[in-house]
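Welcome, and please have your viewer ready with a selection box open. We will move from stop to stop, and at each one you will hear what to select and what is there.

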Amino acid sequence: METLSTNFLIKDSPAAVAILDTQLRFNSHSDEWYNRYATNKNSLIGKKFSVIFEETPTELKNALHEALNGNTQLNPGSKCFLPSGRTKWFKWKIKAWKNQDNTIGGVIVILDDITSEQREKELLLKAEAVARIGGWEVDLTNNSVYWSSITHDIHEVPEGFTPDLEKGIDYYKEGEHREKITELVSLAMTEGKPWDTELIITTHKGNEVWVRTKGEAEIIDGNCVRLFGTFQDINEKKKSELKYQETAERLKVATVAANIGIWEYDISNNSLIWDDNMYRLYGIDKKDFSGVYEAWQAGVHPEDKERGNLEIEQAISGEKEFDTEFRVLWPNGEVKNIKAIAKTERDSKGNAIKMVGTNWDITELKQTKLKLERSKESFKNTFNNSAIGMALVGLDGRWVEVNKGLCDSLGYTEEELLELTFQDITYPEDLDTDLGLFNEVIEGKRDSYQLEKRYYHKSGRTVFVVLTVTVVRTIEGKISHFISQIMDITPRKIAELKLEETAKRLKVAARVAKIGIWDYRIEENMVICNDNMYEMYGIPKDSSDLLNEWMNRIHPEDKERVGEELQMTILKGKPFNTQFRGIRPNGTMIHLIAFGEAQKGPSGKVENIIGANWDITKLKQTRLKLERSKESFTETFKNSVAGMALVGLDGKWISVNEGLCESFGYTEEEFLKITWQEITHPDDLDADMELLQQVLDGKISTYQFEKRFYHKNGRLIHTILTVTAAKDLNGKLSHLISQVLDITSRIEAEKKSQTLIEITKGQNDSLLNFAHIVSHNLRSHSSNLSMLSKFLDQEKDENERKNLNGMLTNATESLSETIAHLNEVVQVKTGALEKMESVGVLNTITQIEKSIEGLILEKGLTSEINVAKSHFVMAVPAYLESIFLNLYTNAIKYSAQERKPVIEITSTVKNGYVQIEFKDNGQGIDLKRHGKTIFGMYKTFHKHKDAKGIGLFITKNQIESMNGSISVTSEVDKGATFCINLKQG
């Protein structure tokens, strides 16, 4: 600065201004700065800024240094974090001042602490959020609407949603609420009258919400240009008020009907007025009541007097309302419970002058509540702590409340069960019985029922329960809900089922297999057994020493081993499981299996062994027969004329016979090096694998179907394949037996016959298709030529006539080409496949555009083509031209009147096919109505004079004749997209 003589001007500045040197020391400052920031009230001159301003924010430090470099710093207001962790808001302007030699001498700082006002803003915003108050504004000049975030939230719409005035009014509940706001808005706009009212809106999500809406209009030159106001969610408050009003109304009715006493106490005159009910409530005669406060006090129970007096004093002082319960003592000694409520009236100075209140007898209610509370507490404790499942169930079958026992039994959380009905998890076979009894309760035929039923556990397993259902009724006698007690008996039921299953098996085994059951009691050295044991060994039933008789019947070569195994079971509890031979009294030898389980006593010592024996002599004989059967199968396998093979589960040949080798041309050694999948025709592999998987999964044991194999020389062999599962003694699948009957000669004969039929059909179809092509395609060219001729007649400009002549020439050439192609189609008598060649997609599209330039020009069609030059398809050129021409002309013919037609053509290559899409923005097709007939002959979908219903039929037939496909997606008034798939050229 030129001089510091201007300090007196800075001193009186209303802003907090400081002048610092290059070391950021104070040269001068305003009084306002000193009052705001000088904490110890000492002189600031010569002291560093950081000393005076101990907690300088980092942002402010950086700004000071930037200003010393000559860069003016301006901060309109920001939140800063102080070193102590506190936050403050500052705004500042810092600029360098210069010496006479134009060098920077320091900085001028204007600093404003705006923390208070910013915090007030934050508190205001928070208050709006807590109070759920939002703002709104309607600018009628530009018809724009603004809603604050709270207003969006109250309406339950996305933050970016912006309605107009009409839509905003439509959120008000239909009827009186919408009519009311419409009237208020109209008055505001016409008369400038503000409004403040409470109404119901229906939110975007369909919820009804009470709101307080305030609004006012801004009128300029007699015209309303703006509406603005606030919007507050008062739903909870309003519902509480309505509920209170409803309660008050009910209380008014109850006062008349329930014998409620009314009283009035004149505080200044100590005068107490009672109605007739009050005397009955206190059990006294009217003549015995003196009408003063002390007369009421005399009737209050001695133990409640002090509290009663205190509560009256608190009501008079305004400390609290008078709302209490106390006892009164009747002259005859009876004690009654009284409920009392009163309002205190005050004069203009706030002094209490009168109390008006009510009394009513709640003695019976007290006793009933006490009983009810005890009953509820008892039930709640029983419900929550019950070892069995308990639930409250609604009339609709939904769980209202469930206890922990039920959750544990069924595996669901409480929240999960409350989302279900009991029907959802009931075992299907038990549902009708349960619902039948349930309906009988609802119909009043019974009050409860009990049955055994099954539920599904969350894990999917079955839970067996004993269900007891009891009805709960309201005071009016109507069914309120049901109490269900659900005792889980799954362990018992499983045990019973297992025991029953075991008993059945044991019974069947004992009957069919003649199993001998025995119990060897070690201490007594005796054996108890069933009749089968006696018959098995040929031991007399009156034998006195069964154990020795049994041991003596064991084959001498096996006796020692069996004895040792039995001792191991006795000494160590090892399971007794052995095979041995027995000798019957007549000398015949039998083969036996024996097993037993050790049973230990309380001491842990084995006390007895329970076991079973059964005769496996026939099993041994059957195995011998099986071996002989195997030999027989081997001979059949070896000498069969038909092909036979044993195939492993991995698909490899285990063994092949000579018949299969002759049919397939492989030697046996070559067969064993490959799998059957390798020589299966690819188209038959999935079907064979699917059937094979069913065999592997045990769903079927055999299957038969026609399939094709490759001969060694590459030709196809048609066969009837029969596959049968072979299992081992344990019932597990071991391998497969395949019988392969060669039917190639029969199939070839059938093919020749079918070919003749298809040729005849193809010729007829070709002639019909050709007739349609000629009719449809020549009509399109004719229309184009006619249109160009019309333009030519009407056009006066010579240059434009030349252009039209060129178009006419192109159209004529295109017609010639089409006729040439149609001549080729005439030659196609047995189908298109033999005449297909590689055709460029883009080139064909370009030719079509040239041929219909007149139509394109008339309609103003825009073509957006994204087709690669390298995309070629296998097609009959005439067919491809006809297909593209039809789709092009359809896009023009069925374009929307209100917009310019646009057609987008794209192509992509997928899995050896070129996919070509024609997308337009025209009228579209209602696929819900016409989806199934869209490619039918003579099917039309629009009221267009030129619609013949043949174009799409021809197109589909042409595409399919070239082994291609076509599909369509469309929306009405949005356009259609046709997707064509043709084999890549």
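Begin with the empty space: a search of the whole structure turns up 6 cavities of 30 Å³ or more. Here a cavity is a set of points, on a 1 Å grid over the protein atoms alone, where a 1.4 Å probe fits but cannot get out. Grid points are joined across faces, edges and corners, and a volume is the space filled by probe spheres set on the points. The largest cavity holds about 220 Å³ of space. Select W136, W147, L165, G168 and Y172, which are the closest to its centre among the 17 residues that line this cavity; a lining residue has an atom within 4 Å of a point.

Before you travel on, two notes on the model. It is a predicted one, in which local features need pLDDT of at least 70, side-chain atom pairs count only at pLDDT 80 or more, and totals for chains, interfaces and linings use all residues. Residues are numbered from 1 along each chain as its sequence is written, and side-chain values use heavy atoms, with hydrogens and water left out.

Now colour the elements around the largest cavity. β6 (133-139), β7 (144-147), α6 (149-155), α7 (165-170) and α8 (176-191) each give at least two residues to its lining. Which element supplies the largest share of the lining? That is α7, with 3 residues. Helices (H or I, at least four residues) and strands (E, at least two) are DSSP runs, numbered from the N terminus.

**Next stop: a five-stranded sheet**

Select β17, β16, β20, β19 and β18, in that order: they form an open sheet of 5 strands with antiparallel pairing. Two strands pair if DSSP finds at least two bridges between them. At the edges you will find β17 (399-402) and β18 (448-456), each pairing on one side only. Neighbouring strands in this sheet are turned by 30° against each other on average, direction ignored. Axes for such angles are lines fitted to C-alpha atoms, for helices over the stretch in contact, and angles run from 0 to 180 degrees between N-to-C directions.

Zoom in on β18 and β19 (residues 462-473), which run antiparallel and are joined by 9 bridges. K453 is a handy landmark, standing opposite V465 in β19. Then add helix α16 (residues 428-442), which packs on the sheet and touches β18, β19 and β20 (479-488); contact means heavy atoms within 4.5 Å. The direction of α16 makes about 150° with that of β18.

**Further along the chain: another sheet**

Select β27, β26, β30, β29 and β28, again in sheet order: this is an open sheet of 5 strands with antiparallel pairing. β27 (653-656) and β28 (702-710) each have a single partner strand, so one side of each is left without a neighbour in the sheet. From one strand to the next, the twist averages 30°.

Start at the β27 edge, where β26 (residues 643-647) pairs with β27 in the antiparallel sense over 3 bridges. A645 stands opposite V656 in β27. Cross to β28, joined by 9 bridges to β29 in antiparallel fashion, with K707 opposite T719 in β29. The hairpin of these two strands, β28 and β29, has 5 residues between them, and G714 takes a positive phi near 100° there. One more pair awaits: β29 and β30 are antiparallel over 9 bridges, and L721 stands opposite V740 in β30. Finally, show helix α24 (residues 682-696), which lies across β28, β29 (716-727) and β30 (733-742) and runs at about 150° to β28.

**Last stop: charged side chains**

A salt bridge here is a side-chain nitrogen of Lys or Arg within 4 Å of a carboxyl oxygen of Asp or Glu, and the count comes to 47. Show R36 and E32 as sticks: their side chains meet in a salt bridge of 2.9 Å, N to O. Both lie in helix α2 (residues 31-37), 4 residues apart, about one turn of the helix.

Is R36 buried or partly exposed? R36 is partly exposed at 37% relative accessibility, where buried means under 20% relative accessible area, exposed over 50%, and partly exposed in between (1.4 Å probe, protein chains only).

Jump to K404 and D408, another salt bridge, with the closest N and O atoms 2.9 Å apart. K404 is exposed, at 57% relative accessible area. To finish, select E303, D304, R307, E311 and R327, which are linked in a network of salt bridges.

Key:
On a 1 Å grid over the protein atoms alone, a cavity is a set of points where a 1.4 Å probe fits but cannot get out, and a pocket is an open set with protein on both sides within 12 Å along at least five of seven lines; lining residues have an atom within 4 Å of a point.
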